Amino acid sequence: MPLLEIKNLVTAFHTPAGRVPAVDGVSLSINRGTTLGLVGESGCGKSVTALSILRLVSAPGVIESGEILLENGGSTQNLVTLGERELCRVRGGRIGMIFQEPMTSLNPVFTLGDQIAEAVHLHEKVSRAEARLRSLEMLKLVRMADPEQRLHEYPHQLSGGMRQRVMIAMALVCRPDLVIADEPTTALDVTIQAQILDLLSAVRKRLSTAILLITHDLGVVAETCDEVAVMYAGKIVERAPTAELFSRPLHPYTIGLIAARPTPGASRSVPLRTIPGMVPLPNNFPSGCRFHPRCAYAQFPRCQTEPAELREVTPGHFVRCHFAGELDVPQNH
Amino acid sequence: MLTLFVITWIVYGLTRNMPGTPLTVTLGETDPSRKLNPADIERMKKAYGLDKPWYEAYCIWLGNVVQGDLGRSISRKQPVATLIGERIGPTLALSGAALLLTWTLAIPLGLYASARSGSPDERAVGLLLFVLYSFPTFVAALFLQIIFAVWLRGTAWELPLFGMSGDGVGTGWWHRVADIARHAILPITVQTYGGLAWYSRFIHSTMEEVVRQDYIRTARAKGAGEYRVLFHHAFRNTLIPLVTLLGLSLPGLLSGSVIVEQIFTWPGMGRLFFESIRERDYPTIMGLTLLFSVLTLAGQLLADLLYCMVDPRVSVDS
Ligand SMILES: Nc1ncnc2c1ncn2[C@@H]1O[C@H](COP(=O)(O)OP(=O)(O)OP(=O)(O)O)[C@@H](O)[C@H]1O
Ligand SMILES: [Mg+2]
């Protein structure tokens, strides 16, 4: 049984200009202790997917349909329909979350020690001293210099990289089974990015936490993930184990992404914007296969009129393309 | 210091250049038959120093102030310090009670509206506050006066129309206190009401702003319940602009509300100020101006201090 399974999730924003289906039928699954990478261009719905898992999408966004099943001692609980109290127990307790914006994600008026300790108090009956000890332990685990002193400091006294370490410490202090890391390094310097990613994988090994790692960056995915899901225009277009995906990409979009990837050795933070054409916006998705206006292999009229379904082309390798496996594509290896 | 100097200098110049003098206004207007003859006016002008140009008079006034002398009121024939001393108590009682009441009501109201954000409750509270807010103080005062002093006359609910104390109350301090309290109910209500709508709307809108911040999402993500998110994480941040406001409301505590004191003939500072302007009573105007300026500056200092206490990003030395 997977730790977390998302089935046909639809999350839409009801704006005055109309319904905006930012996530439009996403299915994913994550096994215990593994890392799943979720990649895709800016605006394809990665953050909304992540926020939907913990029901943190703020109005006017609503989860319209789908199931988010979290394994819970042999049975599963559906986070979409879970009651408020149970949900609070999952948030921070079983699933921790790290956000894209370290500079604004910590409360400016509380000390770091208080903020980490709060996470402990919210989920476990422990004394103040015990919570403090746990916070200190976490700060050491995320390799903060002077952890004792940091406990009494405020967020504004730290750099972005330091704050992201605190966020990681806070997300992990209750030993969750899953950590959702939404582009945890996008806002940071390149050198700090590498440190934070190394830290995440080290911590994962220590605590055997599963990670949903959202990123723009295929280089990061290749290094850290067991499995990869590629998202395009609110849908998953391809899903496969990392090695399989990189050696045998089947969706034209994935092929484009991998081809556009900077060669190893070059800076690994180049964003994925090198496929010709524009990312479609959720209020105006193309008909048929949503990638067809940018696809070099599109065949008309089929790709324009008939939506493609996610198919398992080889075991464990899912692709949303009418011609998956039939395209004459130059392979990487 | 420089600020005080500039403020008093400007106010002195303005008041002295208003049409009319204490002598013409007090005597001439109230009773034309008692118009003074020109020789008397000249003599009195000399006595009060009104024959000198205003900037010269200002320097003399300033010199006296530095020595701790605020001068004597022209129209009331009393030292200004004594006058202020008499009026400060009633004003402090009235506006202190009103301020306390405003804050103790505004904070729960603003928070309630935020907690019920988006529900019909919130809209009802919001609408009510808006109506209150756009309803002028003096109209509200009139309504209350009609209800409690006219319609309810003769019942146990009757409240005095104006003044601070009535005649024929029993002896003993508790009778006097009870009497003053009865007189104070309407003025306090009216003065509270004006600020209440404004403060709760301020708290509500600040909360709305804070709730959209990333760190509120973080608080939810770590499992904090809705009430903890609002009252612990969000309110603590809303407090930052709020304490600034509290500091800035300090001068109002002593200056009182001119409108409320005038309507209810409450013997306070606001009324004194209003009357001294009407009577062109320069020494009193200047004494009050000086006091209010000092208080405003003190309020700002207090606001800064409180600000440092609630916002760790600001340090005391900056
Ligand atoms: N509050 C909102 N109101 C309306 N539409 C929204 C709102 N928030 C997000 N969206 C829509 O959802 C889409 C997906 O947004 P999301 O933040 O998930 O993108 P993303 O894949 O995380 O991009 P990035 O890589 O830039 O973080 C956006 O294109 C946007 O149009
Ligand atoms: Mg995002």
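## A tour of the predicted model

Across all chains the count of disulfides is zero, a disulfide being a pair of cysteine sulfur atoms within 2.5 Å. This is a predicted model, in which local features need pLDDT of at least 70, side-chain atom pairs count only at pLDDT 80 or more, and totals for chains, interfaces and linings use all residues. Residues are numbered from 1 along each chain as its sequence is written, chains are lettered from A and ligands numbered from 1 in the order in which they are written, and side-chain values use heavy atoms, with hydrogens and water left out.

**Stop 1: cysteines.** Select Cys88(A). Why does Cys88(A) form no bond with Cys174(A)? The closest cysteine sulfur to that of Cys88(A) is in Cys174(A), and at 13 Å it is too far for a bond. Cys88(A) is buried, at 11% relative accessible area (buried means under 20%, exposed over 50%, partly exposed in between, with a 1.4 Å probe and protein chains only). Cys308(B) is also buried, with a value of 17%.

**Stop 2: a hairpin in chain A.** Next select residues 227-232 and 235-241 of chain A, which are strands β9 and β10. Strands (E, at least two residues) and helices (H or I, at least four) are DSSP runs, numbered from the N terminus; two strands pair if DSSP finds at least two bridges between them. β9(A) and β10(A) run antiparallel and are joined by six bridges. Two residues lie between them in the hairpin, and Ala233(A) in the turn has a positive phi of about 50°. Five of the seven residues of β10(A) are buried.

Now add β12(A), residues 317-319, which pairs with β10(A) in the antiparallel sense over two bridges. Click on Glu238(A): Val230(A) stands opposite, and in β12(A) the bridge partner is Val319(A).

**Stop 3: a helix in chain B.** Go to His183(B), in helix α8 (residues 173-211). Is His183(B) buried or exposed? His183(B) counts as buried, because its relative accessibility is 7%. Add Trp266(B), 83 residues apart along the chain; the two C-alpha atoms are separated by 9.1 Å.

**Stop 4: the largest pocket.** Finally, select Val57(A), Ser58(A), Ala59(A), Val211(B) and Arg220(B), which lie nearest the centre of the largest pocket among its 29 lining residues. Elements that give two or more residues to this lining include α1 (46-53) of chain A and α8 of chain B.

Methods
On a 1 Å grid over the protein atoms alone, a cavity is a set of points where a 1.4 Å probe fits but cannot get out, and a pocket is an open set with protein on both sides within 12 Å along at least five of seven lines; lining residues have an atom within 4 Å of a point.
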